[in-house]
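Trainee: Hey, could you walk me through this one? I'd like to start somewhere inside and work outwards.

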Amino acid sequence: MKYIKGTLAMIMSMSIIMVGCAKKADQIAAKYVSPTMYSNYDCEQIKMEMMRLNNRKSELEVKQNKIYKNDMALGIIGIFFLWPLWFAIEGDGETAAELGTVKGSITGVEQASIEKKCGA
């Protein structure tokens with residue numbers, strides 16, 4: 001009976017901790033950004049903005065995935081050794097929020113490009 005209670009306690013602890021962990025970059029949804037924001041852009045400006053946004057997205061994905069890996073490591077180490085490490089878990093923060101906005105901006109720029117018939 002003690003074994004079962006201990007196992008259940010560990011499973012519950014893991015579940016609670018992992019819920020507070022950061023998400024992987026590809027799990028972060030795009031936030032809506034209106035394409036009208038880019039209505040004054042010409043095709044060259046749209047192209048440059050798309051390049052800038054894609055570069056920023058790549059940077060943020062690397063950063064978010066590092067946060068995710070650190071949170072997972074702290075959660076697992078905390079389960080087996082030092083539960084106070086759980087307080088160091090970051091979860092989703094500024095990086096995740098900015099990544100969602102950048103993903104939404106990319107969609108907005110793509111829609112503006114389509115509306116202006118900029119092509120590839």
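**A walk through the model**

Mentor: Sure, let's start with Ser105, which sits in helix α3. Keep in mind that this is a predicted model.

Trainee: Is Ser105 buried or exposed?

Mentor: Ser105 is buried, because its relative accessibility is 8% and the cut-off for buried is under 20%.

Trainee: And what is Ser105 in contact with, leaving aside neighbours within four places in sequence?

Mentor: Ser105 is in contact with Val33, Tyr38 and Leu53.

Trainee: Tell me about Tyr38. How accessible is Tyr38?

Mentor: Tyr38 has 2% relative accessibility, so it counts as buried. Tyr38 also turns up in an aromatic pair.

Trainee: Oh nice, how many aromatic pairs does a search of the whole structure find?

Mentor: The search comes back with one aromatic pair. Tyr38 and Tyr41 have ring centres 5.3 Å apart and planes at 90°.

Trainee: Why is the pair of Tyr38 and Tyr41 called edge-to-face?

Mentor: Because their planes stand at 90°, and anything over 60 degrees counts as edge-to-face. As for Tyr41, it is partly exposed, as its relative accessible area is 28%.

Trainee: Okay, back to the helix. How many residues does α3 have?

Mentor: Helix α3 covers residues 94-115, so 22 residues. From first C-alpha to last, α3 reaches 31 Å, close to the 32 Å expected at 1.5 Å a residue.

Trainee: What comes just after α3?

Mentor: Look at Lys117, in the segment after α3. Lys117 has a phi near 60°, which is a positive value in a residue other than glycine.

Trainee: Is Lys117 buried or exposed?

Mentor: Lys117 is exposed, because its relative accessible area is 73% and exposed means over 50%.

Trainee: Switching topic: how many disulfides does the count come to?

Mentor: The count is one disulfide. Cys43 is joined to Cys118, with the sulfurs 2.1 Å apart. That pair links distant parts of the chain, since Cys43 is in helix α2 and Cys118 is in the segment after α3, 75 residues apart.

Trainee: Is the disulfide of Cys43 and Cys118 left-handed or right-handed?

Mentor: Left-handed, because the torsion about the S-S bond of Cys43 and Cys118 is about -85°.

Trainee: And how accessible are the two cysteines?

Mentor: Cys43 is partly exposed at 34% relative accessibility. Cys118 is partly exposed too, at 22%.

Trainee: You mentioned helix α2. Which residues should I click on there?

Mentor: Try Leu60, which has its place in helix α2, residues 43-80. Leu60 counts as buried, because its relative accessibility is 1%.

Trainee: What does Leu60 touch, not counting residues up to four places away in sequence?

Mentor: Leu60 touches Thr95, Glu98, Leu99 and Val102. There is a C-alpha distance to check as well: Leu60 and Gly100 are 9.7 Å apart in space and 40 residues apart in sequence.

Trainee: Got it. Any other residue in α2 that I should look at?

Mentor: Yes, Gln64, which also belongs to helix α2. Gln64 is buried, with a relative accessible area of 1%.

Trainee: Which backbone nitrogen lies 3.3 Å from a polar atom of the Gln64 side chain?

Mentor: The backbone nitrogen of Ala96. Put that 3.3 Å pair on your screen, then go back to Ser105 in helix α3 and trace the contacts of Ser105 with Val33, Tyr38 and Leu53 again.

Methods
Residues numbered from 1 in each chain as written. Predicted model: local features only at pLDDT ≥ 70, side-chain atom pairs only at ≥ 80, totals over all residues. Heavy atoms only, no water. Helix = DSSP H or I, 4+ residues; strand = E, 2+ residues; numbered from the N terminus. Expected span 1.5 Å × (residues − 1). Buried < 20%, exposed > 50% of the residue type's maximum accessible area, 1.4 Å probe, protein only. Contact = heavy atoms within 4.5 Å. Polar contact = N/O pair within 3.5 Å; in protein donor to acceptor, adjacent residues only side chain to side chain. Disulfide = S-S within 2.5 Å. Phe/Tyr/Trp six-rings, centres within 6.5 Å; stacked < 30°, edge-to-face > 60°.
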